[in-house]
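Reader: I have just opened this entry and would like a guided walk. Where should we begin?

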Amino acid sequence: MRVLRSLEELDEALAECDRAERVSDDAMRAVFGTFRIDPPAGMPEDPFSDAYREAQMGIYVTIAGRDYALANEATPLDVEAALCRPFPYSTGSATTAGEHLMGIDFALRAMALPPGSRVLEFGPGWGNTTLELARLGHHVTCVDVEPRFCELIRRRAAREGLAVEVVNDDFFWAEKGGDTFDAVLFFECFHHCADHLRLLRALQARVAEGGRIFFGGEPITADFPQPWGVRLDGNSLWAIRKNGWMELGFHESYFRRALARAGWAGDCIPCADPAWATVWEARRLTKAAMHLPATDDRLQTGIGRREDRAIILDGTPGTGLFGPYLPLARGRWTARLRFRPGAAARGDAVMDVCAGGGTARLAARTVQGEALIVEGWTASLTFDAAENLSGVEVRLFCEAGFTAVLEGVELLSDEAG
């Protein structure tokens, strides 16, 4: 792997890419993997600061040789030719085409949308994901900054008799108001956004209650060498210097924090092959009170039995309750177990609240069956979330002899009153 030290060396490497492209797309991509530039030292420490952002934009300007503008995202395109052979088929590469189609298929499976969902797709490019979503019967709106892509998608959809709303605009169309959607999709395009924090905040107005955001095929990894910033691998350097495109990458720990700052909680859905097709899913952080009956599928039991709209705990030791794995906004919360008044209640159990899917215990207490009548047939546990949390669950570990009938779980925030 060559570590380039100057723009002259970069231009020599890109000339090698051009020569390889005349052989084949595969040959060019092979050269991409032979060089990189190392991130500069002395970057500002706070990745959310203006100084950090300005430093990253400075790296972009140095490599691109121009200031960033939306016009840089233009993609020269022969629409007529693309109607017959859109990307990835236009590459002639079985590897590129196969992996691209595998990535789309993985994204569709990871999204697992109910039939007839309202989907907003940003940066659809050639429209491959757009058309697959429409073929599934979803109501798709797509937004792309490149007018030739918009024309291509309209014509591809019309040829197949698919109803797709196509909007020629940039990412911040999200701020202009209008409809809400059950799902928002970025497939290999979020990393082109020059102000990703602003975009994440804007999506609050576009995602319907209970809706989700999906990031498919985005460079969000545990080994990215910076919190976020301009990618400096061969492929990205080629895209920035030759085309002027913005090419950002994100460390997964930073990405979680960025989502949380914008009111989202993110989870990774890994793809083993190809690894780049991994999908991130984001849900709106819970801020208001939640009242979940024992029949809710998000509440699970290891040793109880579901009967008469409740979870019956009959003295068997083990995990009587776990779930619902919710994202919670920072602040003070109270978790409350609601038991059936007058039902047999005796023995001891331990109630706790955890985040991160059980990896961080936030609070715990003992629950005594005989004392439930004094507590109004509830067991409450107050805890503080110093930051936005994901995977929050309420658990009940029953000792041998603990008997009670659990009717539901509540999560109450001070903000919600």
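What follows is a set of questions and answers on a predicted model.

Reader: How far apart are the end C-alpha atoms of helix 5, and what span should its 18 residues give?

Author: Helix 5 covers residues 94-111. At 1.5 Å a residue, its 18 residues should span 26 Å. The distance between its end C-alpha atoms agrees with that, at 26 Å.

Reader: Which residues of helix 5 are buried?

Author: Buried here means under 20% relative accessible area. In helix 5 that holds for Thr96, Ala97, His100, Gly103, Ile104, Phe106, Ala107, Ala110 and Met111.

Reader: Which elements do the buried residues of helix 5 pack against?

Author: Both helices and strands take part. The helices are helix 2 (25-32) and helix 6 (128-135). The strands are strand 6 (181-187), strand 7 (207-216), strand 11 (264-269) and strand 12 (279-284).

Reader: What is found at the start of helix 5, and which residue follows the helix?

Author: At the start, serine 93 sends a side-chain oxygen to within 3.3 Å of the backbone nitrogen of threonine 95. At the other end, the residue that follows has a positive phi, near 45 degrees. That residue is alanine 112.

Reader: On which side or sides of helix 7 do its buried residues lie?

Author: Helix 7 runs over residues 147-159, and its end C-alpha atoms are 18 Å apart, in agreement with the span expected for 13 residues. Its buried residues are Phe149, Cys150, Leu152, Ile153, Arg156 and Ala157. They cover an arc of only 160 degrees around the axis, so they lie on the same side of helix 7.

Reader: Which residues are exposed on the other side of helix 7?

Author: Exposed means over 50% relative accessible area. On the other side of helix 7, this applies to Ala158 and Arg159.

Reader: What covers the buried residues of helix 7, and which glycine comes just after the helix?

Author: The cover includes helix 4 (79-84), helix 6, strand 4 (139-144) and strand 5 (164-168). Just after helix 7, a glycine takes a positive phi of about 70 degrees. That residue is glycine 161.

Reader: Which residue caps the N-terminal end of helix 9?

Author: Helix 9 spans residues 234-243, and its buried residues include Leu237, Trp238 and Ile240. They pack, with the other buried residues of the helix, against helix 1 (7-21), helix 2, strand 2 (35-36), helix 3 (50-64) and strand 9. At the N-terminal end, a side-chain oxygen lies 3.2 Å from the backbone nitrogen of asparagine 235. The capping residue is aspartate 233.

Reader: Which strands stand at the edges of the open sheet of 3 strands?

Author: The order is 8-10-9, and the pairing is mixed. Each edge strand has a single partner, so one side of each is left without a neighbour in the sheet. The edges are strand 8 (220-221) and strand 9 (228-230).

Reader: What angle does the direction of helix 10 make with that of strand 10?

Author: Strand 9 and strand 10 (residues 248-251) are antiparallel, paired over 3 bridges. Glycine 229 stands opposite glycine 249 there. Helix 10 (residues 252-261) packs on the sheet, touching strand 8, strand 9 and strand 10. The angle with strand 10 is about 90 degrees.

Reader: How many residues lie between strand 19 and strand 20 in their hairpin?

Author: Strand 19 (residues 348-355) and strand 20 (residues 360-368) run antiparallel, joined by 8 bridges. One bridge pairs aspartate 348 with glutamine 368. In the turn, glycine 356 has a positive phi of about 65 degrees. The number of residues between the strands is 4.

Reader: Where are proline 88 and proline 324, and what kind of peptide bond precedes each?

Author: Proline 88 is in the loop between helix 4 and helix 5, and proline 324 is in strand 17 (residues 324-328). The bond from phenylalanine 87 to proline 88 has omega near 10 degrees. The bond joining glycine 323 and proline 324 has omega of about 10 degrees. The first bond is cis, and the second is also cis.

Reader: Is tyrosine 325 buried, partly exposed or exposed?

Author: Tyrosine 325 is found in strand 17. Its phi is positive, about 60 degrees, although it is not a glycine. Its relative accessible area is 38%, so tyrosine 325 counts as partly exposed.

Methods: Residues numbered from 1 in each chain as written. Predicted model: local features only at pLDDT ≥ 70, side-chain atom pairs only at ≥ 80, totals over all residues. Heavy atoms only, no water. Helix = DSSP H or I, 4+ residues; strand = E, 2+ residues; numbered from the N terminus. Expected span 1.5 Å × (residues − 1). Buried < 20%, exposed > 50% of the residue type's maximum accessible area, 1.4 Å probe, protein only. Contact = heavy atoms within 4.5 Å. Polar contact = N/O pair within 3.5 Å; in protein donor to acceptor, adjacent residues only side chain to side chain. Arc of directions from axis to C-beta. Pairing = 2+ DSSP bridges. Axes fitted to C-alpha atoms, helices over the stretch in contact; angles between N-to-C directions.
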